[in-house]
Amino acid sequence: MREELRKTGSIQQLAYIRQVEYLEGPAKNLRAYQVKNGNLMFTVQADKCLDIAEVSYKGVNISFLSKNGLSSGEYSRTYGYSNKSVMGGMMFTCGNDNVGPGNMERNLPVHGSLRFTPASHTSSDCFFDKDGKYRMVIKGEMEPDGLFEGHIRLRRTIETEYGRGVIVITDQFRNEGYVDEPFMLLYHCNFSYPFLDPCCELKIDSDKVVLREEMEKQTMLPYEIMEDPVDGGVEQVFFHQACGDENGVVTTSIYNPKLGIKARIRYNKSQLPRLIQWKSMVSGDYALGIEPANCLVFGRGYEEEKGTLVYLKPGETREIRLELEFE
């Protein structure tokens, strides 16, 4: 990079982190970080769990935004029990209290409370490391719980390195309370147009794939094929029994041959044993979701009934690592 700097005035021509605040619409008062890493640009929402909103690569939009577009945590909380609270984005964090439909009686929002929890103790830094690589790092922590509720703290670090189209998310969840606490977790990663198109090739190495509504049998539906949008169409949700490498690392990829851009998601199966695929070939809601998780998407009551609800013990810590790569 130092040779490239000879051709610039400021390093910000190539890479930066900038703090921004939005002034109007559903995003009003949303604080965020804008990150530029050469060909890769993305936005991290300081007021929404440090989730990743918009992503573009070589000027091409990669991520999905719902009809309300960028929206603040305040806006999302107002509609927390309906899909109007779900803006999408490149990646939003579902949990810890719920993943799936909301339950107002139990105070469980759609896809949980984490996704609109503001970050505290936030920081950002850009620096050359000892190997001469230029690194950009954002950190913060989230505590979504309240009075007479649990106390799970999330510490999140987001890193990217100049010249590599990779975003690394490292999460550390710790039960700071005194009783076992429910720990539902799903990383909702969402791709859309113009990156997502019928020419795209999806690769998920799975031993078994079932449709959400027909979990007892292998599906014959073309989960790996992206079609043209359908007016009034319906979404499809698939559950994958994903295969990992010798270290348990699962890699999924989406390739657009017309644009020459490939996106990958990597995670460890030991940390996130479930993989859900959301395929929405619906006009106006055209999206592909790849969702590593430790639960399914039927809500907390389902996991409790089946005896599959994951808990964190008092003082227990879980670390999760997720990589998004674009090339």
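**Entry 1: accessibility and one outlying loop residue**

I take a residue as exposed when its relative accessible area is over 50%, and as buried when that area is under 20%. The model I am reading is a predicted one, and I keep that in mind for every value noted here.

Is Glu-105 buried or exposed? With a relative accessible area of 82%, Glu-105 is exposed, because the cut-off for that class is over 50%. I located Glu-105 in the loop that lies between β6 and β7, the latter covering 120–128. I then looked up its separation from Tyr-267, a residue 162 positions away along the chain, and found 34 Å between the two C-alpha atoms.

**Entry 2: the open sheet that holds Tyr-267's strand**

Tyr-267 led me to β17, where it stands opposite Val-250. The strands concerned are β16, residues 249–256, and β17, residues 261–268, which run antiparallel and are joined by 8 bridges. Both belong to an open sheet of 8 strands, whose order I read as β7-β8-β9-β10-β21-β17-β16-β13, with antiparallel pairing. Which strands sit at the edges of this sheet? They are β7 and β13 (201–203), each of which pairs on one side only. I also looked up the angle between neighbouring strands of this sheet, and on average they are turned by 10° against each other when direction is ignored.

**Entry 3: β3 and its two hairpins**

I next followed strand β3, residues 40–45, and asked why it can be called largely enclosed by the rest of the structure. The reason is that 5 of its 6 residues are buried, that is, under 20% relative accessible area.

On one side I traced the pairing with β2, residues 31–37, which is antiparallel and runs over 6 bridges. Within that pairing, Gln-34 has Thr-43 of β3 as its bridge partner. The two strands make a hairpin with 2 residues between them, and I noted that Gly-38 in the turn has a positive phi of about 60°.

β3 also pairs with β4, residues 51–57, again in the antiparallel sense, over 5 bridges. Here Leu-40 stands opposite Tyr-57 in β4. This hairpin has 5 residues between its strands, and the residue with a positive phi in the turn is Cys-49, at about 65°.

**Entry 4: the enclosed cavity**

How many cavities of 30 Å³ or more does the whole structure contain? The search returns 1. The largest cavity has a volume of about 70 Å³, and its lining includes Gln-45, Lys-48 and Asp-51, along with Ser-85, Val-86, Met-87, Gly-88, Phe-92 and Arg-115. By class, I count this lining as 3 nonpolar, 3 polar and 3 charged residues.

**Entry 5: the two pockets I looked up**

The largest pocket holds about 660 Å³ of space. Its lining is made of 26 residues, and those nearest its centre are Asn-83, Val-86, His-111, Glu-235 and Trp-278. Val-86 therefore appears in this list as well as in the lining of the largest cavity, under the grid-based description used for both kinds of space. Which elements each supply at least two residues of the lining? They are β12 (184–191), β18 (274–282) and β19 (285–293), and the largest share, 3 residues, comes from β18. In terms of class, the lining has 11 nonpolar, 9 polar and 6 charged residues.

For the second largest pocket I recorded about 480 Å³ of space. Of the 24 residues in its lining, Asp-97, Asn-107, Ser-113, Asp-145 and Glu-149 are the closest to its centre. Two or more residues each come from β6 (91–96) and β11 (181–182). This lining divides into 9 nonpolar, 8 polar and 7 charged residues.

**Entry 6: cysteines**

I closed with the cysteines, for which a search of the whole structure finds 0 disulfides. Cys-189 is in none, and the nearest cysteine sulfur, belonging to Cys-94, lies 9.6 Å away. Because its relative accessibility is 0%, Cys-189 counts as buried. Cys-199 is likewise in no disulfide, the nearest cysteine sulfur being that of Cys-200 at 4.9 Å; a disulfide would need the two sulfur atoms within 2.5 Å.

Terms used
Residues numbered from 1 in each chain as written. Predicted model: local features only at pLDDT ≥ 70, side-chain atom pairs only at ≥ 80, totals over all residues. Heavy atoms only, no water. 1 Å grid on protein atoms, 1.4 Å probe; cavity = no way out; pocket = protein on both sides within 12 Å on 5 of 7 lines; lining within 4 Å. Points joined across faces, edges and corners; volume = space filled by probe spheres on them. Helix = DSSP H or I, 4+ residues; strand = E, 2+ residues; numbered from the N terminus. Nonpolar A, V, L, I, M, F, W, Y, C, P; charged D, E, K, R; others polar. Buried < 20%, exposed > 50% of the residue type's maximum accessible area, 1.4 Å probe, protein only. Pairing = 2+ DSSP bridges. Axes fitted to C-alpha atoms, helices over the stretch in contact; angles between N-to-C directions.
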